[in-house]
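This report concerns the pocket lining and the overall fold of one protein chain. The sequence and the structure are shown first.

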Amino acid sequence: MPNATPSADTGRTPASPARRRTVLAATALACVGLAAVTGCSAASSSPAAPTPPASPSAPASTGPAGAVPTLGRLTGVFAQGTGFGQVKPAKIFNGGDPTGLVTHVVWTSWGGGRAVATGISDYVGPGQSVAAGTEERATVVAFDLGTCDGKLMYRAVEWYFPQHGQAFDAGQYENICTGTYVPGS
């Protein structure tokens with residue numbers, strides 16, 4: 001009978017295919033249970049998008065145990081803004097023109113690698129001036145979760161208008177750790 005002789009290096013009889021399937025199923029079930037307890041999942045309800053590299057001055061980390069991240073901080077060109085340094089702000093303003101304001105912000109996720117919300121912001125179409133902008137629903141994405149000056153925060157935020165064909169672009173955002181804009185390509 002094949003596989004009936006003990007393995008030379010372990011002294012054990014190799015497991016049958018049925019036994020291996022049982023062990024694999026138990027292992028998979030344990031992994032699913034662990035993911036449920038820790039809140040982790042390989043699947044995500046938000047579309048996949050690349051995460052920008054962490055800023056060199058603020059390496060990514062998970063922060064202190066139990067810490068709740070804020071939306072960046074008031075700094076740099078955003079020092080006169082609103083919502084930065086807060087948890088789940090209902091209003092975000094980068095201190096610029098009306099296109100830099102998002103009101104009625106409702107977060108559908110917070111605390112994971114990416115936080116997502118909807119809100120109202122001025123949309124300015126191609127070739128339009130800011131004065132011609134109209135208030136429309138926008139999608140807000142806070143990302144690049146890590147520490148900045150020792151505090152856990154989302155170090156980047158971007159909003160866009162999916163109804164106008166726009167999509168999340170991890171290469172264009174407000175770096176709310178350093179207080180600068182990162183232009184898109």
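In this predicted model, 23 residues line the largest pocket, and those nearest its centre are T99, E158, W159, F161 and Q172. The space within the largest pocket amounts to about 490 Å³.

Four strands each contribute at least two residues to the lining of the largest pocket: β4, β6, β7 and β8. Among these, β6 provides the largest share of the lining, with 4 residues. The residue ranges of the four strands are as follows.

| Strand | Residues |
|---|---|
| β4 | 115-123 |
| β6 | 151-160 |
| β7 | 173-175 |
| β8 | 180-182 |

In terms of residue class, the lining of the largest pocket comprises 11 nonpolar, 7 polar and 5 charged residues.

The strands that contribute to the lining belong to a chain with 1 helix and 8 strands in its secondary structure. Read from the N terminus, the order of elements is α-β-β-β-β-β-β-β-β, so that the helix precedes the strands.

The protein chain has 185 residues, and 32% of them count as buried. Its exposed area is about 10900 Å², of which carbon and sulfur atoms supply 60%. Among contacts in the protein chain with a separation of 6 or more, 43% are made by residues 24 or more positions apart.

Methods:
Residues are numbered from 1 along each chain as its sequence is written. This is a predicted model: local features need pLDDT of at least 70, side-chain atom pairs count only at pLDDT 80 or more; totals for chains, interfaces and linings use all residues. Side-chain values use heavy atoms; hydrogens and water are left out. Buried means under 20% relative accessible area, exposed over 50%, partly exposed in between (1.4 Å probe, protein chains only). Contact means heavy atoms within 4.5 Å. Accessible areas come from the Shrake-Rupley method with a 1.4 Å probe; for residues, only the protein chains shown count as cover. On a 1 Å grid over the protein atoms alone, a cavity is a set of points where a 1.4 Å probe fits but cannot get out, and a pocket is an open set with protein on both sides within 12 Å along at least five of seven lines; lining residues have an atom within 4 Å of a point. Grid points are joined across faces, edges and corners, and a volume is the space filled by probe spheres set on the points. Ala, Val, Leu, Ile, Met, Phe, Trp, Tyr, Cys and Pro count as nonpolar, Asp, Glu, Lys and Arg as charged, and the others, Gly among them, as polar.
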